[in-house]
Structures are given as structure tokens and as C-alpha cells.
Amino acid sequence: MRPTVIFVIAFTCTVVYVAFCIWVSRPWRDELELAIGPVMSWVIPAMLAYIPGVVIGFMVFTLLISRYREPPFEPPLGTWPDGEWPPVTILIAAWNEEGAIASTLERIADLSYDGPIEVVLADNNSTDRTAELAAAAAKRLELDYRRVFEVEPGKHRALNTAFESVTTPLVVTVDADTYLQREALTYLVARVAGRPQGQHVCACAGALVAENPNTNVVTRMQQWDYRLGINGVKRMQASYNSALVAQGAFSAYWADDLRAVGGWPDAIGEDIVLTWTLMDSRGVVQYEPVALGFTVVPERLSQLMHQRSRWARGMFEGLGRRPPRTQPRVLAKFVTGIDYLVPFLDIGIIFFWVPGVILFVFGYPLIFGWWSMLLLPITLAIFGLLRRWQEQHVFRRLDIHPEADRRGFMGYLFAYQVLTSLASLRGYAQHLLGTGRRWK
């Protein structure tokens with residue numbers, strides 16, 4: 001089905017579902033009104049049920065309707081010779097990555113992509129052995145490799161300086177601690193070279209899963225976020241040709257489109273702002289769930305909280321610099337506009353759901369009551385569908401067999417969202433207060 005048809009069906013189902021939630025929750029609102037007044041009797045259900053119902057319901061209905069189609073694996077037509085795959089430059093932004101850079105280059109050397117690959121290390125003034133180890137690995141692996149040095153701090157500066165020397169039609173960014181699956185680049189290029197509904201794809205995000213999922217409870221929870229949450233949201237967005245983040249960890253861009261928008265912007269969420277700018281003026285942005293990269297996720301809770309605060313600030317930057325109303329396509333306006341609701345989800349979790357659970361434990365089931373237990377089987381059903389889809393369409397196709405991790409899943413189910421919502425609220429506050437920024 002065309003994206004507009006999918007949207008109409010998913011939007012209609014979401015409206016019906018939320019209307020049902022409002023109707024069935026009337027006794028709850030009546031109890032709240034008697035206890036804390038008429039205003040909060042609507043605010044609390046809106047934060048805990050109605051707004052999440054819009055965001056999650058729209059995603060679920062979209063994914064139930066959409067169908068994944070594998071991209072064609074014939075060499076696309078372009079300025080390169082017919083019958084050949086386009087040349088690609090892989091940009092690796094790095095700052096003190098001596099522990100990961102050699103492994104990253106080894107995975108690139110093992111890619112099954114049939115076109116020429118150039119590798120450029122965008123070295124942002126590393127003070128360790130990153131440059132030395134990268135050069136040695138590239139020589140050993142016989143890669144077409146060069147290093148571009150940028151002394152001024154900032155990931156966007158390192159990428160833009162390295163991009164000045166790029167001559168290939170396609171650019172792929174890979175983080176220095178992201179390890180590509182052997183077929184990942186082929187899937188990614190095939191998707192970015194497509195023309196869904198005759199539209200130009202200016203960028204395409206690859207899929208990420210955790211490289212170090214079993215290190216500790218922090219990484220165990222994150223692996224489920226990448227597999228279920230992030231993957232599900234990106235698939236929904238791509239159904240409308242509006243993937244909102246072509247993340248720097250693994251994404252493809254047409255070089256001409258990057259030049260047209262001036263490259264990577266000076267922003268803490270440079271990949272978010274870049275993606276929205278490209279959608280605004282250059283074409284649609286896609287997501288390829290089978291183009292798989294394994295990224296090293298934070299192992300300490302403080303690192304995770306900082307990362308998610310940075311992502312939240314990046315989302316606010318995107319909303320400020322490229323508001324949804326500026327998007328030329330109606331579906332892109334709607335998909336980007338959903339981000340306006342995300343802060344309300346975080347506020348609801350921290351200021352209403354957590355206190356509600358505490359009150360429930362002490363015998364006051366006003367905010368969180370026995371009716372709330374109905375959310376558990378619904379949540380498990382949604383997660384089950386997302387997990388089954390990825391196992392069937394991604395892991396089975398690539399012959400990957402992730403370990404079962406019930407402990408990590410339980411942490412993800414009951415604690416992870418609270419932690420990331422706290423981090424997001426901190427990120428929103430940092431953005432509003434204009435506090436300093438740093439890469440890591």
C-alpha cells in the first residue's frame with residue numbers, strides 16, 4: 001500500500017483506540033476528580049494513557065499494516081559505469097578510539113559489497129594511538145585508506161573536514177565503535193538507491209543492535225531498546241518515507257545532497273538536524289532494518305544517562321531549527337510532529353507514573369491501580385510482535401542467533417524507561433538553559 005493509504009488506516013485506528021480509552025477510563029477520571037479536582041482528573045490520564053495511546057498506537061497500527069520488501073540487489077543506475085555498484089566513501093569520525101578502531105576497519109574489510117570502497121578516518125585531534133593503529137590495520141587489510149585531521153573539537157567539524165576530500169557519489173558514516181555485518185553495506189546502498197513512489201531517497205539509516213549486550217545489566221537493557229524500541233519506531237517512520245534520524249553511527253547519504261545543505265551542522269544532535277534539513281529540501285529519508293551494525297553501547301549508567309540527555313537535546317534542536325511545519329510533505333509534517341508529544345511521555349512517567357506506583361505499593365491505588373495491570377499483557381504482546389518480526393526478517397536472513405536474555409528484558413520492561421525519561425528531562429533542561437556541549 002502507498003504511504004498515504006497506510007497513514008489513513010493507521011490514523012483512523014489510532015483515533016478509535018484513543019476514543020475508546022477515553023470512554024472506558026471515565027470511572028478513573030471520576031475518582032481522580034473527587035480526590036484532586038477536575039483539571040488533574042484529565043491531566044493524569046492524558047499523560048499516562050491518552051498521549052501514550054496516540055504515540056504507541058499509531059506505531060503499532062502502522063507496523064501491522066506495513067510490509068517489508070527487500071531492496072533490489074541489482075546495481076543501480078547512476079554516474080558510475082552501468083552494471084557496477086556505486087563507489088562509496090566510509091567516513092569514520094574518531095576521538096581517542098584506540099580500543100575499537102582496528103576492529104571497525106577489520107569489519108569494513110570483510111564487507112561483501114561489490115563496489116569500490118574508500119575509508120577516511122575523520123580524526124578529531126585524538127591524543128592516543130588511534131591514528132597509528134588505524135594506519136597499521138588499514139595497511140594490513142589493504143584498504144583504500146586515508147586520515148584527515150581536524151584539530152578543532154566537534155564531531156561535525158571532523159566530518160565536514162573529511163567530507164571536503166570525498167569524490168564518490170555516496171558517503172556512509174560509521175562510528176569508530178560500530179562493527180558492520182558483512183552484508184550491511186549492500187543492503188544500505190540498495191535501499192538508498194531506490195525510488196519509493198518515484199521519490200528521491202537522499203539518506204538512509206542502517207539498523208543498530210548492541211555489540212556488548214551481556215556485559216552488565218545496563219547493556220542488557222539497552223539491547224532490548226535497540227531491538228524493540230528504536231527498531232520499531234524507525235520502521236514506522238520509514239513506512240512514511242520519513243525516518244527522522246539518519247544516525248551518524250551507520251547511515252548513507254548522497255554526496256551531492258550533503259553538499260547542497262552545507263554538510264553536518266554545528267549541533268549536539270548533528271545527525272538529527274542534518275536529517276530534518278535533508279527531508280526539508282532534498283528528498284525522503286529511509287531506513288533499512290537488514291543493514292545491520294553492532295554498536296558498542298554504554299556500560300556505565302552515567303554514560304547511558306549522558307547519551308540519552310544528548311539525544312533529547314538533539315531532538316529539541318531539530319524541532320527548533322527545522323519545525324515540522326516546514327516539511328514539504330504532509331506525512332513528514334505529521335511524523336516529525338509526533339516528537340512534540342515525546343516530552344509529555346517523559347513528564348508523565350517521572351511525575352505521575354512513578355509516584356503512582358509508590359502510592360499503589362503503600363495501599364493508595366489512585367493513579368496506578370489494578371486496572372493498570374491490563375497494560376502489562378498489552379505491552380508484552382507489542383514487544384512480542386516486534387521481536388518476532390526482527391527475528392524472522394533480520395536475524396534469520398543474516399543467520400544471527402542472539403542469546404535469550406530474560407533478566408535484561410525484565411529490566412527493560414520495568415526500569416529502563418524511568419531511567420531514560422530522567423535523562424531526557426535533564427537534556428530538555430540543558431537545552432532550555434543553554435548549557436555547554438561536548439562530544440562524549
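Q: What makes two aromatic rings a pair, and which residues do ring pairs link into a cluster with Tyr240?
A: Rings of Phe, Tyr and Trp (its six-membered ring) pair if their centres lie within 6.5 Å; planes under 30 degrees apart count as stacked, over 60 as edge-to-face and the rest as tilted. Keep in mind that this is a predicted model, where local features need pLDDT of at least 70, side-chain atom pairs count only at pLDDT 80 or more, and totals for chains, interfaces and linings use all residues. Residues are numbered from 1 along each chain as its sequence is written, and side-chain values use heavy atoms, with hydrogens and water left out. Going by ring pairs, the cluster that holds Tyr240 also includes Phe7, Phe11, Phe58 and Phe334.

Q: Are the rings of Phe7 and Phe58 stacked or edge-to-face?
A: By the pairing rule, the count comes to 23 aromatic pairs. For Phe7 and Phe58, the ring centres are 5.9 Å apart and the planes sit at 70°, so this pair is edge-to-face.

Q: How many residues apart are Phe7 and Phe58?
A: Helices (H or I, at least four residues) and strands (E, at least two) are DSSP runs, numbered from the N terminus. Phe7 belongs to helix 1 (residues 3-24) and Phe58 to helix 3 (residues 38-65). Their pair links distant parts of the chain, 51 residues apart.

Q: Is Phe368 buried or exposed?
A: Buried means under 20% relative accessible area, exposed over 50%, and partly exposed in between (1.4 Å probe, protein chains only). Phe368 has 12% relative accessibility, so Phe368 counts as buried.

Q: Which residues of helix 6 are buried?
A: Helix 6 (residues 155-163) is mostly covered, with seven of its nine residues buried. Counting a contact as heavy atoms within 4.5 Å, the cover over those buried residues includes strand 1 (88-94), strand 3 (144-149) and helix 10 (270-281). The buried ones are Lys155, His156, Ala158, Leu159, Asn160, Ala162 and Phe163.

Q: What is the radius of gyration of the protein, and why does it agree with a compact globule?
A: The radius is taken over C-alpha atoms, and the globule rule is 2.2 Å times the number of residues to the power 0.38. With 440 residues, a compact globule would come out near 22 Å, and the protein agrees because its value is 22 Å.

Q: How many helices and strands does the protein have?
A: Using the DSSP runs described above, you can tally both kinds of element along the chain. The totals are 15 helices and eight strands.
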